[in-house]
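Reader: I'm new to this one and a bit lost. Could you pick a single part, give me a close look at it, and then show me how the rest fits around it?

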Amino acid sequence: MSAEQVKSQYPAEYGKVEALLPGQSVSWLNVLRKQALASFSSQGFPSLREEEWRYTNVSAIEKKLFSPVVLAEIGAVDTDWLNTYRLENTCSVVLVDGHFSETLSDLDGLSESVRVLDMAGALEQYPEDLEQYFGQAVSHEEHSFVAFNAAWFTDGLFIHVPAKEILSKPVQVIHVVTQADYMSNTRHIIVIDDMAQAEVIETFIGCDESYLSAAVTEVFIGKNADLTLYKLQLEGEKAYHFGGTYVKQDADSRFKHHNFAFGGLLARNDIRTDLGLASECELNGLYLGIKRQHIDNHTRINHLKPHAISRELYKGVLDQRARGVFQGRVVVAEDAQKTSSEMNNRNLLLSNDAEADTKPQLEIYADDVKCAHGVTVGQLDEKSIFYLQSRCVDEETARNMLTFAFANEMVEKIKIKDLHDQILEQLLVRFPQEGIEQEWL
Amino acid sequence: MLSIKNLHVSVGDKPILKGVNLEINAGEVHAIMGPNGAGKSTLSHVLSGKSGYTVTEGTVTYKGKDLLDMAPEIRAREGVFLAFQYPVEIPGVSNIYLLKAALNAMRTHQGLPEVDAFDFLTLVKGKVKLLEMDEKFLYRSVNEGFSGGEKKRNEILQAAILEPSMCILDETDSGLDIDALKVVAAGVNSLRAADRSFLMITHYQRLLDYIKPDIVHVLADGRIVKSGGPELALELEAKGYSWVEEQVA
Ligand SMILES: Nc1ncnc2c1ncn2[C@@H]1O[C@H](COP(=O)(O)OP(=O)(O)OP(=O)(O)O)[C@@H](O)[C@H]1O
Ligand SMILES: [Mg+2]
């Protein structure tokens, strides 16, 4: 398809599936879906001409018409395989081909006052509650992937932790895509009320065929509330992935995001947070690209109110013909005095054909702020390699040790043991180099 | 142990070592002194195999083998150890792991089995005590955030564990306070043995008070311009390098 055909083909498809999408009886949602569809139809997928997309060409996605799995059958899941991604001591919500699977999910052991359920179910049970949040952290005008997602989403997850509650165990939402050409479009809303706390893990996995997985997560963190969100993007190697996380932080809230992007052929991840008075955010990311992978991370931190703190560290390891993109933007509003912000992006290029594009942007409209940013794109440090060699370590092992140590810094930040070990394992199996050992830590 | 003959080394087009001759026998301690920029660190780097230097002339024989022909890690495994003037920080690789990896690589090279975990810990803890270090340093990343003096001490800890035959110490004394100098010197002295030699690069007599050299050399402008007994260091301290340079000229 051409970019023009995309604009007409998808809306043409829409008529066939519209009635099968969740939330039919919810009038505000019907309006929103229509607007989003119109918005997508007028733009199509983003093009390289757009500043926010200049390093990421999504035209490969246009070659196929991915369709939501409402007409076709939801695929079967190999549970042994799925279980290797399931974390211990968590509640799990499994979304297969974009649909909640009750049999594969496990929501036992949560307190009665906490709401953790699938989005389709939530739209039936709590449509008024959802109306307060849906589309409030991100509008479909953000860009056409968000519009696309709003129009087509088939299910998702709704988490609401009431004030002062602490979610007793982390919730893991596992997105699985089972078949070639399938599309999974999911929508999540996470609400952490004042002084509440939660940890949520988003895991993305899928088959080895080409498919499209898109997930938009809206997050609302109340006053003095706390959320840690982990994203483990382990899509199949031919997959297209779009993920967007949009956060609104109230006063004194804390938000931590750990983003591990290892999978997919073309993966784009957007994170945005709006910081309230004296709130804090920490954005950590690690992307590992091999073969011909293209991994794009976009972050935006909006300091809207005074005294907020943001810390960001993204690291990329790019080998073979992979390309990594980092665009990090920090905006400090006029009112946001005493802002403290640090942003860093460090890229390690392991082959001559690998590429890293990094673009930090600071826009500061307040005068009493502390903002720093730094980026590096480079190879392994020759002095360090020589130092290790002078300590009996052969050159190849020295290189592997340094590469692994570089990446592992991000893994070490993960305090949930089972998750930490899983990420480490995923990292080790993906490194093209042989002989990397966990023992080096 | 080590025989350097007419060694000429350039960086790019720039000659730095211009015919160095040096014979170090087993069990001997040699000191090299000399003005800044004379080529002392260059010599230590070339001996340990750092890239970026071109040997344009000369030979280096170590235990009868051509040293310059060996990869850096092979030299290390064969027992050539360099304590760096500026040790590198390696974030993310723990000190204790590197010690173990180094020791095992060396043992494998010598045809010995890898050291077992318990024996290794006993060995390391003993050496940590010898150098009056805190055991916490073992579990930190290699040199990361170490003070100047702590880095130097860590270099000697590595030497104490690897027990190399040819120990090259490049300004190990610089950055050490007086007490630390005594501890490090005691560590070095405990390594002195009939089958182990030392090449110590230093600017100060002070180190030589603690570690008595057999021979002192002056390296100036890429050549060894004078050699003598320990008294040469005292003379240098009193008269400066211009005294030697005048004598040579
Ligand atoms: N990579 C390089 N490129 C250019 N010049 C170099 C390089 N490495 C060393 N040199 C030069 O070679 C000379 C000798 O340097 P070296 O570090 O060996 O001196 P040194 O005797 O150890 O001095 P110091 O006492 O200050 O440690 C210096 O003039 C130095 O600038
Ligand atoms: Mg030097």
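Author: Sure, with one term to settle before we start: helices (at least four residues, H or I) and strands (at least two, E) are runs assigned by DSSP, and the numbers in their names count from the N terminus. Keep in mind too that this is a predicted model.

The part I'd pick is helix H5 of chain B, which covers 148–162. Let's begin just past its end. B:Glu163 sits in the loop that links H5 to strand E9 (166–170) of chain B. The backbone there does something worth a look: phi of B:Glu163 is near 45°, a positive value in a residue that isn't glycine. Most residues other than glycine have a negative phi. As for its surroundings, B:Glu163 has 45% relative accessibility, so it counts as partly exposed.

Now step back into the helix. B:Lys151 belongs to H5 of chain B. Is this lysine buried or exposed? The cut-off for buried is under 20% relative accessible area, and B:Lys151 has 15%, so it is buried. Leaving out residues up to four places away in sequence, B:Lys151 touches B:Pro87, B:Glu89, B:Asn143 and B:Phe146.

The next thing to look at is where chain B meets chain A. How many salt bridges does the rule find across that interface? Just one, and it pairs A:Arg391 with B:Glu155, whose closest N and O atoms are 2.7 Å apart. Helix H5 is one of the elements that give two or more residues to the side of chain B touching chain A; the others are helix H1 (40–48), helix H2 (72–77), strand E6 (80–83), strand E7 (90–94) and helix H3 (95–109) of chain B. The top contributor is H3(B), with six residues. Sorted by class, that side of chain B has 17 nonpolar, seven polar and six charged residues.

Here's the wider view of that interface. On chain B, 30 residues are in contact with 19 residues of chain A. The two chains bury about 2,100 Å² between them, and carbon and sulfur atoms give 67% of that area. There are also eight residue pairs in polar contact between the chains.

What about the partner, chain A? It has ten helices and 20 strands. Its radius of gyration is 21 Å, which agrees with the value near 22 Å for a compact globule of 441 residues. Along the principal axes, the C-alpha atoms of chain A fill a box of roughly 70 × 50 × 45 Å. Of the 441 residues in chain A, 61% are buried. And among its contacts between residues at least 6 apart in sequence, 84% join residues at least 24 apart.

Two residues of chain A are good places to stop. A:Val58 is in the loop between helix H2 (27–43) and helix H3 (59–62) of chain A, yet it is buried, with a relative accessible area of 4%. Not counting residues up to four places away in sequence, A:Val58 touches A:Phe45, A:Pro46, A:Trp53, A:Phe145 and A:Leu266. Then there's A:Lys291, in the loop between strand E14 (280–289) and strand E15 (294–303) of chain A. Phi of A:Lys291 is near 45°, again a positive value in a residue other than glycine, and this lysine is partly exposed, at 46% relative accessible area.

Definitions and conventions
Residues numbered from 1 in each chain as written. Chains lettered and ligands numbered in written order. Predicted model: local features only at pLDDT ≥ 70, side-chain atom pairs only at ≥ 80, totals over all residues. Heavy atoms only, no water. Contact = heavy atoms within 4.5 Å. Buried area = accessible area lost by both parts, 1.4 Å probe. Salt bridge = Lys/Arg side-chain N within 4 Å of Asp/Glu carboxyl O. Polar contact = N/O pair within 3.5 Å; in protein donor to acceptor, adjacent residues only side chain to side chain. Nonpolar A, V, L, I, M, F, W, Y, C, P; charged D, E, K, R; others polar. Rg over C-alpha atoms; globule rule 2.2 N^0.38 Å. Buried < 20%, exposed > 50% of the residue type's maximum accessible area, 1.4 Å probe, protein only.
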